[in-house]
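User: I am new to this structure and would like a close look at a single part of it, please. Could you walk me through one chain and how its pieces meet their surroundings?

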Amino acid sequence: MVATEVRPTPTRERLLFMYDRMTLIREFEERLKRLVDTGLPIGAAHYYSGEEAVAVGTCAALEPNDWISSTHRGHGHCIAKGVDVRPMMAELYGKVTGTNRGKGGSMHITDISVGMIGVNPILGMGTTHAIGSGLSAKVLKNGRVTASFYGEGASSIGAVHESLNLAAIWKLPIVFVCENNRYAQSTPVEYAIAIENIADRAQGYGMPGVVVDGQDCLAVYEVARVAVQRARRGEGPTLIECKTYRYHGHASSDDPRRYRTAEEEQYYRDRDCIKRFREQVTGRGLLSAAELDQIDARNSALIDEAIKFAEESPLPDLAELTTDVYVPER
Amino acid sequence: MVTTSRELTFTQAILEAIRLEMRRDPTIIMLGEDVAGGAGREKPEPEGWFAARGRGLIAEFGPERIIDCPIAEMGFVGAGVGAAMTGLRPIVDLSFIDLIGVCYDQIINQAAKMHYMMGGKVPMPLVIRTTYGSRPGSTQKHGGGAAAQHSQTIYSVLAHISGLKVVVPTTPYNAKGLMISAIRDDGPVVVLENKFLGLGSRSHVPEEAYTLPIGKAEIVRSGRDVTLCGIGRMTRMCLDAADALAAEGIEAEVVDVLTLAPLDEDTILESVSRTHKLIVVDEDTPTASMARDIAGRVADRGFGDLDAPIKTVTSPEAPVPFAAVLEQIYAPSSATIVAAVHEQRRW
């Protein structure tokens with residue numbers, strides 16, 4: 001079933017949050033891509049541009065102390081959950097002021113203080129860690145929900161199967177969000193998966209499965225809201241499949257035109273989640289174009305500041321090479 | 001206050017460590033297959049393989065903290081990792097070390113590296129408890145004859161991973177102390193239980209909780225002629241060999257390694273500085289083994305103290321066989337250790 005209807009209307013505060021976070025992610029990724037394309041050596045980066053509605057629609061349905069687990073393509077999840085873009089950018093620059101003191105880089109950004117338990121490039125593993133945070137919520141009775149993002153590529157790994165089954169039998173407060181962006185590196189979803197909708201697998205685990213347009217933030221929010229409420233009531237997990245698209249290659253070094261067409265890319269860009277959101281909220285008179293423009297300007301300045309912060313921050317002391325290998329005694 | 005003369009088996013000692021710690025700290029949970037005896041039953045009590053390893057836990061702590069898992073090692077070890085990051089202190093029971101193949105990523109890429117990768121900002125108070133080793137001379141009912149996929153030692157592939165602590169207790173006393181230390185450690189610790197020692201050895205164990213330092217080897221027998229460095233059950237073999245050697249007038253010192261990572265090089269080097277000879281005894285296969293790692297470290301840092309080549313005594317370069325006649329000659333014995341001492345002295 002494809003959820004398209006939007007009701008009830010999210011609060012003004014939440015709508016502003018959605019636009020703010022989607023545009024902040026886009027600005028972060030596009031500015032970062034320009035820096036990388038002109039020589040900034042940050043290792044592998046997997047840009048989230050195009051998929052913003054998935055992370056933001058989901059995180060808009062979460063509370064600040066809820067958890068998320070992520071994938072290799074995690075910048076968007078981090079920003080949507082509230083990780084500060086300054087230490088995020090500093091992390092990419094390998095600076096000691098980074099979220100991970102420069103020891104993690106793009107593929108390991110983590111900020112437990114805002115409920116972000118890890119960008120994780122061993123695909124599918126984030127879903128198992130969500131089982132752990134789900135168990136924590138249950139044992140500690142703190143009412144926290146976990147949203148666990150994974151890609152359609154990772155849906156083929158055993159870890160995801162084990163996680164969906166464990167979450168279902170233990171009725172854990174988890175929302176699984178499958179970001180189907182159509183390509184695992186260059187492998188198309190039609191090749192890797194024999195069914196049309198990955199959400200159909202949910203039935204096999206004994207949980208609801210929902211397909212939603214992943215380029216429509218309001219639609220993602222609505223299904224996520226229902227799933228989060230269900231999880232918080234102790235009724236167990238939900239699997240949401242978001243049909244979406246990444247605008248750039250798999251990683252910073254990848255040329256996607258080698259395996260997909262300009263026409264296909266244009267089809268998805270015409271349905272861009274930020275453009276659509278603007279039309280939806282201004283068209284219905286919920287937010288004004290002027291206040292959205294103000295958010296654009298603020299976020300552009302924030303990324304300027306993040307880049308400046310990253311550039312000016314110190315590198316790690318060389319002694320950091322062997323610190324924090326073991327967790328120190330309390 | 002130390003209680004007198006109460007004897008426990010190795011397995012009972014570890015179980016007591018878990019029970020005492022779970023009473024003290026409500027954030028400790030246990031995950032594993034059959035740990036609650038098959039959840040959902042009216043009077044759950046562990047059975048089968050887990051009967052001795054978890055007796056009484058489900059009755060005392062209930063299914064919310066003693067969590068039966070389906071066959072999903074990658075999933076439930078990963079759940080342990082996620083739980084450890086979010087406020088719990090999980091003990092994951094991985095019944096056999098042989099099963100690390102299906103959850104190795106969780107151990108080597110997730111649990112071991114998380115704290116370092118996150119710049120020291122993420123705790124990982126995770127214990128993985130597992131068993132290793134062949135059981136020569138025992139019947140199939142008691143764990144012998146389990147062949148190549150349920151009898152391995154292979155702990156070197158855990159010790160190799162930076163960030164992971166790996167302990168190999170050898171007596172009920174040190175098993176309890178090291179298990180409590182592992183549970184209280186804020187980082188990931190693998191506790192390895194030898195199957196042969198598990199049910200077969202009894203010794204005095206104080207009733208109260210106590211810790212023993214992770215990362216400390218122990219000299220368990222003094223001698224001036226040769227250092228026998230043992231790991232796990234092999235420490236027992238070294239002690240037996242030392243008895244046999246004493247009858248010939250050779251005084252062997254025995255070092256019980258106890259922790260594979262981080263390794264206590266200093267205690268081993270200090271012993272070698274007095275005996276000038278080293279034999280390392282390891283139940284694992286030889287290539288890239290702890291035995292050769294220890295030998296390499298002593299050659300690196302203590303070469304000047306040696307007056308003969310270091311010898312390593314290990315299992316052969318082969319998987320563990322099924323047939324009892326073959327399994328019985330697989331792991332080192334006191335006789336093969338004595339033979340190595342003789343060979344070294346002929347140098």
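Analyst: Happy to help! Two residues are taken to be in contact if their C-beta atoms, placed from the backbone, lie within 7 Å. Please keep in mind that this is a predicted model. Let us look closely at chain B, beginning with its partner.

In the contact between the two chains, chain A takes part with 33 residues and chain B with 38 residues. On chain B, three helices each supply at least two residues of the side that touches chain A: H4 (73-85), H5 (104-111) and H6 (114-117). The largest share of that side comes from H4(B), with 11 residues. Sorted by class, the side of chain B that touches chain A holds 17 nonpolar, 15 polar and 6 charged residues.

Now for chain B itself. Chain B is divided into domain 1, covering 7-204, and domain 2, covering 218-345. The C-alpha centres of these two domains of chain B are 27 Å apart. Where the domains touch, 27 residues of domain 1 of chain B are in contact with 26 residues of domain 2 of chain B. On the domain 1 side of chain B, helix H7 (156-159), strand S6 (165-167), strand S7 (189-194) and helix H9 (195-200) each give at least two residues. S6(B) gives the most to this side, with 3 residues. By class, the domain 1 side has 14 nonpolar, 12 polar and 1 charged residues.

Next, you can zoom in on a pair of helices in chain B. Helix H10 (residues 233-247) and helix H14 (residues 334-345) of chain B pack with their axes 8 Å apart, at an angle of about 55°. H10(B) and H14(B) are therefore oblique to each other, and their crossing is right-handed. From H10(B) come Met237(B), Cys238(B), Asp240(B), Ala241(B), Ala244(B) and Leu245(B), which meet Ser334(B), Ile337(B), Val338(B) and Val341(B) in H14(B). The residues of this helix contact divide into 8 nonpolar, 1 polar and 1 charged.

To round off the picture, here is a glance at the partner. Chain A has 12 helices and 8 strands. The radius of gyration of chain A is 19 Å, close to the 20 Å that the globule rule gives for 330 residues, so chain A is as compact as a globular protein of that length. Along its principal axes, the C-alpha trace of chain A spans about 50 × 50 × 40 Å.

How values were computed. Residues numbered from 1 in each chain as written. Chains lettered and ligands numbered in written order. Predicted model: local features only at pLDDT ≥ 70, side-chain atom pairs only at ≥ 80, totals over all residues. Helix = DSSP H or I, 4+ residues; strand = E, 2+ residues; numbered from the N terminus. Nonpolar A, V, L, I, M, F, W, Y, C, P; charged D, E, K, R; others polar. Domains from an automatic or database assignment. Axes fitted to C-alpha atoms, helices over the stretch in contact; angles between N-to-C directions. Parallel < 35°, antiparallel > 145°, perpendicular 65-115°, else oblique. Left-handed = near helix turned anticlockwise from the far one by under 90°. Rg over C-alpha atoms; globule rule 2.2 N^0.38 Å.
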